[in-house]
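Biologist: I've just opened this one and I'm a bit lost. Please walk me through it in plain words.

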Amino acid sequence: MFRLKNPTHTLLLVGAATALLTMAGAGSASAAPVTFTWNPNAIPGITTTVAQQFTANDITTAEYGSIVLGAGGPGTFANSGIVNLSAFTLGGSSALSPGSTLGAGNSALFGTGYVLYATFQASGTTTATAIPTTTSTINSPITSFNFQLFLAPADSSAAPKFSASAAGASVSGIGTPVELATGSEVTPGTATLTFTAGEGLSVGANILASFTETAAGAGFFVNPPATVGLDLFSSTTNTGSVVTTSGTNTVIVGAGGTGGGGNATFQAAVVPEPASLLLLGFGLVGLGVVKRRRSA
């Protein structure tokens, strides 16, 4: 966990085989979600007649991406994709104003619609040599994970479109994106492939990643302030209805234009108790003593 001294939050990203999915241990699903306020109008190019700032405590997500077994050689996998932040709620009701243009096309003026999405790249090791076709569950450690959060204006009258293929995921119908935040793996996560008779293939993952606001995103993240440490608990269900395959080693999520469903909520970061910090201090002192003795 990170305790923020800079504009950095701790984020749980998981899902469409590493997009946004369930994390166990970093936060409790029963913990009260933290309410947050974001302001799309703080980003140049989002020119609307209705204020777009909103306050929410739950994010609805949709994931698009691919997993390739053996991408880095035998016993490895690579996973990349896009997570669409498609809706926001507060206490179960929509947090967006009636004039919100999230996900809307630009029907009159460039910048009246916008989209929020994250791209991600992951890799790891696996015992799977091919996509399972009989009842089984394969858990594979994720050894590398990075993501980037963007806001982009719509650039056509049609709503922005997300899609996925064996080559990866993409979004069209948008203008130049602005990078709001980035992050990388804090602790190793796990990717899961499950085949169930009668239901088919499902995919998922869990990972804990840092969340660092960029200079461009400073005005976007209104509340909580950057001095408050946060986690983001997320879950998705990527079942056979949104999962397809290509050959024997590639899994695709969202190829038909419908991404894996899920949600994400911020939670207060776990801060070590004073006793734990004291023990850590003693440990660091001990390491210093050992180092000096070895150098003597």
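**Strands, cores and rings**

Modeller: Let's begin with β8 and strand β11 (residues 178–196), which pair in the antiparallel sense over 13 bridges. Within that pairing, I142 stands opposite G189 in β11. Strands pair if DSSP finds at least two bridges between them. Helices (H or I, at least four residues) and strands (E, at least two) are DSSP runs, numbered from the N terminus.

Biologist: OK, and what should I know about the model itself?

Modeller: This is a predicted model, where local features need pLDDT of at least 70, side-chain atom pairs count only at pLDDT 80 or more, and totals for chains, interfaces and linings use all residues. Residues are numbered from 1 along each chain as its sequence is written, and side-chain values use heavy atoms, with hydrogens and water left out.

Biologist: How many helices and strands does the protein chain have?

Modeller: There is one helix, plus 17 strands. The chain has 296 residues, and 46% of them count as buried. Buried means under 20% relative accessible area, exposed means over 50%, and partly exposed is in between (1.4 Å probe, protein chains only).

Biologist: Back to β8. Which strand pairs with β8 over 11 bridges?

Modeller: That's strand β7 (residues 114–125), antiparallel to β8 (residues 136–153). There, Y114 stands opposite P153 in β8. β7 also pairs with β5, again in the antiparallel sense, over nine bridges. In that pairing G81 has F120 of β7 as its bridge partner.

Biologist: What does β5 do with β4?

Modeller: Strand β4 (residues 58–69) and strand β5 (residues 76–90) run antiparallel, joined by 12 bridges. They form a hairpin with six residues in between, and G70 in the turn has a positive phi of about 75°. L69 sits opposite F77 in β5.

Biologist: Which residue takes a positive phi in the hairpin of β5 and β6?

Modeller: G91, with a phi near 60°, and that hairpin has two residues between the strands. Strand β6 (residues 93–94) runs antiparallel to β5, with two bridges joining them.

Biologist: Switching topic: which residues touch the most other members of the largest nonpolar core?

Modeller: W38, F88 and L116, out of 49 residues in that core. A nonpolar core is a set of buried Ala, Val, Leu, Ile, Met, Phe, Trp, Tyr and Cys residues joined through side-chain atoms within 4.5 Å. If you skip residues up to four places away in sequence, L116 touches a list including W38, F88, L102, L180 and F220. Touching, or contact, means heavy atoms within 4.5 Å. Apart from that core lies another one, of 12 residues, with Y117, F150, I174 and I252 among them.

Biologist: I can see plenty of rings. How many aromatic pairs are there?

Modeller: The structure holds 13. In one of them, the rings of Y117 and F150 have centres 5.4 Å apart and planes at 25°, so this pair is stacked. Rings of Phe, Tyr and Trp (its six-membered ring) pair if their centres lie within 6.5 Å; planes under 30 degrees apart count as stacked, over 60 as edge-to-face, and the rest as tilted.

Biologist: Why does that pair tie together distant bits of sequence?

Modeller: Y117 lies in strand β7 and F150 in strand β8, so the pair ties together parts that are 33 residues apart in sequence. Both Y117 and F150 are buried. F145 and F147 make a tilted pair, 6.4 Å centre to centre with 35° between the planes. There's an aromatic cluster too, formed by F36, W38, F54, F88, F220 and F221.

Biologist: And Q148, is that residue buried or exposed?

Modeller: Q148 is buried, because its relative accessible area is 16%. Q148 is found in strand β8. Its side chain makes polar contacts with the side chains of T119, at 2.5 Å, and Q121, at 3.0 Å. A polar contact is a pair of N or O atoms within 3.5 Å; within protein, one must be able to donate a hydrogen and the other to accept it, and residues adjacent in sequence count only if both atoms are side-chain atoms.

Biologist: Last one: how far apart in space are A118 and V83?

Modeller: They are 5.1 Å apart, C-alpha to C-alpha, and 35 residues apart in sequence. A118 is found in strand β7, and A118 is buried, with a relative accessible area of 7%.
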